[in-house]
Amino acid sequence: MGQFTTIMARDGHEFQAWLAPPPGRPRGAVLVIQEIFGVNAHIRKVTDGFAADGYTAIAPALFDRVRRGIELNYTAADMELGRGYVKQLQPEQTLKDIAAAQAVVRNSGRAGAVGYCWGGMLAYQAACQLPLACAVVYYGKVTSVLDQKPRCPVMYHFGGEDQSITPADVAAVRAAYPEAPLYTYDGAGHGFNCELRDSYNPQAAALARSRTVEFLGRYVSGEKPPGASDT
């Protein structure tokens, strides 16, 4: 459905982004922020899914600042590679690339960001620094950046059995933003949304996605949630 296109950040860095148009008039735009495994088959599928929902969806290849074309598998060895690539990047660089992706889709209307794992933390930071309508954090460790405050509504999804994001981490987010929609999924581990991972939990993934789509509909395309009053 989508395809790679070359875009440029404000500092002159040229990089790839997976761009997927909707089948009709856009309801808005969705910025899909990658895991530490690159813009791989899973992230491209997720991006295409949001396009099928009616959004212009784009996934910037944030690892292109290290080397173009990095796509990793969900193995322990590739996980270590991905962590190494992340360490070579500065947050301000990745935010410039996310901002460039938003600029590409600006004519589609308001934009929301949906990030997974490392991308979840970046989606939170984008909500703090970029003019987004909303952001969705999937199992992103945001406790290290809670000193930054979002400028828009943020939704959070965490696995109840996530070994890398502790109950204390989740509690810290809930305490910082008690009014924010924050969901934990019993029996779900880290990466529960990804069908290519051993931790994939289809029930949790489906429920989280339905909540995400409703959230995007409310804040990006301006739709009332089911049952909402006109008054």
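User: Happy to dig in! How many disulfides does the count come to?

Analyst: This is a predicted model, where local features need pLDDT of at least 70 and side-chain atom pairs count only at pLDDT 80 or more, while totals for chains, interfaces and linings use all residues. Residues are numbered from 1 along each chain as its sequence is written, and side-chain values use heavy atoms, leaving out hydrogens and water. With a disulfide taken as a pair of cysteine sulfur atoms within 2.5 Å, the count is zero.

User: Which cysteine sulfur is nearest to that of C128?

Analyst: C128 is in no disulfide. At 7% relative accessibility it is buried, a word used for under 20% relative accessible area, with exposed meaning over 50% and partly exposed in between (1.4 Å probe, protein chains only). The nearest cysteine sulfur lies 8.0 Å away and belongs to C152.

User: And C152 itself, which cysteine holds the sulfur closest to its own?

Analyst: C152 is buried too, with a relative accessible area of 11%. Its sulfur is 6.4 Å from the closest cysteine sulfur, which is too far for a bond. That partner is C134.

User: Nice. Why do the buried residues of α5 sit on the same side?

Analyst: Helix α5 covers residues 167–176, and its buried residues are D169, V170 and V173; helices (H or I, at least four residues) and strands (E, at least two) are DSSP runs, numbered from the N terminus. An α-helix has 3.6 residues a turn, so residues three or four places apart point the same way. The arc is taken from the directions from the helix axis to the C-beta atoms. The buried residues share a side of α5 because their arc is only 95 degrees.

User: Which strands do those buried residues of α5 pack against?

Analyst: The opposite face, turned away from the buried side, carries the exposed residues P167, A168 and A175. Contact here means heavy atoms within 4.5 Å. On the buried side, the packing partners are β7 (154–159) and β8 (182–185).

User: Which helix gives the most to the largest nonpolar core?

Analyst: A nonpolar core is a set of buried Ala, Val, Leu, Ile, Met, Phe, Trp, Tyr and Cys residues joined through side-chain atoms within 4.5 Å. The largest has 80 residues, and F50, Y116, W118, Y124 and Y156 touch the most other members. With eight residues, the top contributor is helix α4 (residues 118–129).

User: Is Y138 buried or exposed?

Analyst: Y138 lies in strand β6 (residues 134–138). Its contacts beyond four places in sequence include Y116, F192 and R209. At 1% relative accessible area, Y138 is buried.
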